[in-house]
Amino acid sequence: MKATRVMLFRADGHRQPRRHLKPGYGSSNEVFTTRIHLFRNGERHLVNLFDSILAHETYPSFELVVVDHGSNDGSRAVLERYADRLKLTSILLAENDSFSRSNNRAANATAAELLLLLNNDIISDTRLLRFA
């Protein structure tokens with residue numbers, strides 16, 4: 001399996017140094033983080049993504065912001081199906097838009113300290129938001 005490189009960014013756009021990410025689970029030291037996922041016609045990937053988060057993610061202080069680029073498959077139904085089980089904000093666009101503009105939209109929809117930009121085909125098989 002190919003390793004996935006994860007880069008964290010503060011909401012102001014600067015990279016967050018890894019050494020500063022030492023949340024104390026269950027304490028006020030947790031860093032509120034937003035996982036941002038962009039997609040178009042990603043029904044199958046979204047189901048795998050959401051199921052893997054529900055099964056493996058233990059970090060309590062995060063949310064998901066997803067941006068749909070005008071999907072015409074069952075992606076929006078998947079978002080509705082998981083909305084009550086995940087901290088999920090959906091930004092629904094009528095058509096495809098640029099990568100940077102969509103990430104900026106998602107970043108503006110959150111008050112998180114850190115932003116994690118990921119593809120929607122990623123599978124969380126461990127605690128992705130574990131900071132060591």
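**Exercise 1. The chain as a whole**

Among contacts in the chain between residues at least 6 apart in sequence, what percentage join residues at least 24 apart? Describe also the order of helices and strands.

*Solution.* The model is predicted.

Step 1. Of the contacts between residues at least 6 apart in sequence, 79% join residues at least 24 apart.

Step 2. The chain contains 3 helices and 5 strands, and along the sequence they follow the pattern β-β-α-β-α-β-α-β.

Step 3. The chain has 132 residues, of which 43% count as buried.

**Exercise 2. Strand β3 and its partners**

Determine which strands pair with β3, in which sense, and how the chain crosses between them.

*Solution.* Step 1. Strand β2 (residues 33–39) pairs with β3 in the parallel sense over 7 bridges. Within β3, Glu63 stands opposite Thr34.

Step 2. Strand β4 (residues 88–93) also runs parallel to β3, and 6 bridges join the two. Here Asp68 stands opposite Leu92 in β4. The chain reaches β4 from β3 through α2, and this β-α-β crossover is right-handed.

Step 3. A right-handed β-α-β unit is likewise made by β2, α1 and β3.

Step 4. Burial of the strand is then examined: 8 of the 8 residues of β3 are buried. Phe62, Leu64, Val66 and Asp68 point one way from β3, whereas Glu63, Val65, Val67 and His69 point the other way.

**Exercise 3. The surroundings of His69**

Is His69 buried or exposed? Identify its contacts.

*Solution.* Step 1. His69 is located in strand β3 (residues 62–69).

Step 2. The relative accessible area of His69 is 6%. Buried means under 20%, so His69 is buried.

Step 3. Leaving aside residues up to four places away in sequence, His69 touches several residues, among them Leu38, Phe39, Arg40, Leu93, Glu95 and Ser102.

Step 4. With Ser102 there is a polar contact, side chain to side chain, at 2.5 Å.

Step 5. Gly42 is 27 residues from His69 in sequence, and the C-alpha to C-alpha distance is 9.8 Å.

**Exercise 4. An aromatic pair between helices**

Which two residues form an aromatic pair, and how is that pair classified?

*Solution.* Step 1. The count of aromatic pairs comes to 1. Phe50 and Tyr82 form this pair, with 5.1 Å centre to centre and 55° between the planes.

Step 2. Planes under 30 degrees apart count as stacked and those over 60 as edge-to-face; at 55° the pair of Phe50 and Tyr82 is therefore tilted.

Step 3. Phe50 belongs to helix α1 (residues 43–56) and Tyr82 to helix α2 (residues 75–82), so the pair ties together parts that are 32 residues apart in sequence.

Step 4. Both Phe50 and Tyr82 are buried. Over the ring of Tyr82 sits the charged end of Arg85, 4.4 Å from the ring centre.

**Exercise 5. The backbone at Asn41**

What is the sign of phi at Asn41, and where does this residue lie?

*Solution.* Step 1. Asn41 lies in the loop between β2 and α1.

Step 2. Its phi is positive, about 50°, although Asn41 is not a glycine. Most residues other than glycine have a negative phi.

Step 3. The relative accessibility of Asn41 is 33%. Partly exposed covers the range between the buried limit of 20% and the exposed limit of 50%, so Asn41 counts as partly exposed.

How values were computed. Residues numbered from 1 in each chain as written. Predicted model: local features only at pLDDT ≥ 70, side-chain atom pairs only at ≥ 80, totals over all residues. Heavy atoms only, no water. Phe/Tyr/Trp six-rings, centres within 6.5 Å; stacked < 30°, edge-to-face > 60°. Helix = DSSP H or I, 4+ residues; strand = E, 2+ residues; numbered from the N terminus. Buried < 20%, exposed > 50% of the residue type's maximum accessible area, 1.4 Å probe, protein only. Lys NZ or Arg CZ within 6 Å of the ring centre and 35° of its normal. Contact = heavy atoms within 4.5 Å. Polar contact = N/O pair within 3.5 Å; in protein donor to acceptor, adjacent residues only side chain to side chain. Pairing = 2+ DSSP bridges. Right-handed = clockwise from strand over helix to strand, strands pointing away.
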